[in-house]
Amino acid sequence: MKIIQDKSKCINCGSCVAVCPEYFEMENGDVKLKNSKKEGELLKVEIEKEIGSVKEAIEICPVQALKLKK
Ligand code: SF4
């Protein structure tokens, strides 16, 4: 499955980094999925299995910029 971060929606609030530092990082105020592939405004990363902190990041994102695709 894949985590997808829509950078056209993301406001770089840092919430996902706080709850899920395994997959998200902030660099110079810009938040992105670690080791992701960029497809236009979308950042994607393949994960083996869904972990709790990813779910939490998706739920906590104030602008629904994150999702999981099976
Ligand atoms: S929680 Fe959402 S808006 Fe905030 S930095 Fe993460 S992806 Fe962007």
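Trainee: Which strand is joined to β1 by five bridges?

Mentor: Good place to begin! In this predicted model, β1 covers residues 2-6 and its partner covers residues 42-46. The two run antiparallel, and one of the bridges pairs I3 with V45. The strand you are after is β5.

Trainee: How many bridges link β4 and β5?

Mentor: Strand β4 spans residues 37-39, and its pairing with β5 is antiparallel. Within that pairing, E39 sits opposite L42. The number of bridges is three.

Trainee: Which residue in the hairpin of β4 and β5 takes a positive phi?

Mentor: Look at the turn, where two residues lie between the strands. One residue in this hairpin has a phi near 65 degrees. That residue is G40.

Trainee: Which element gives the most residues to the largest nonpolar core?

Mentor: That core holds 15 residues, with C16, C20, F24, A57 and L66 making the most contacts inside it. Two or more residues come from each of α1 (15-19), β3 (30-33) and α2 (52-60). With three residues, the top contributor is α2.

Trainee: Which residues does A57 contact, leaving aside neighbours within four places in sequence?

Mentor: A57 is itself among the core residues with the most contacts. Once its sequence neighbours are set aside, five names remain for you to find in the structure: C16, V19, C20, F24 and L66.

Trainee: How many charged residues are in the shell around the ligand?

Mentor: There are 14 residues around the ligand, and C10, C13, C16, V31 and C61 come nearest. Sorted by class, 10 are nonpolar and four are polar. The count of charged residues is therefore, with Asp, Glu, Lys and Arg as that class, none.

Technical notes: Residues are numbered from 1 along each chain as its sequence is written. This is a predicted model: local features need pLDDT of at least 70, side-chain atom pairs count only at pLDDT 80 or more; totals for chains, interfaces and linings use all residues. Two strands pair if DSSP finds at least two bridges between them. Helices (H or I, at least four residues) and strands (E, at least two) are DSSP runs, numbered from the N terminus. A nonpolar core is a set of buried Ala, Val, Leu, Ile, Met, Phe, Trp, Tyr and Cys residues joined through C-beta atoms within 7 Å. A residue is buried if 20 or more other C-beta atoms lie within 10 Å of its own, exposed if 12 or fewer, and partly exposed in between; C-beta atoms are placed from the backbone. Two residues are in contact if their C-beta atoms, placed from the backbone, lie within 7 Å. A residue is near a molecule or strand if its C-beta atom, placed from the backbone, lies within 6 Å of it.
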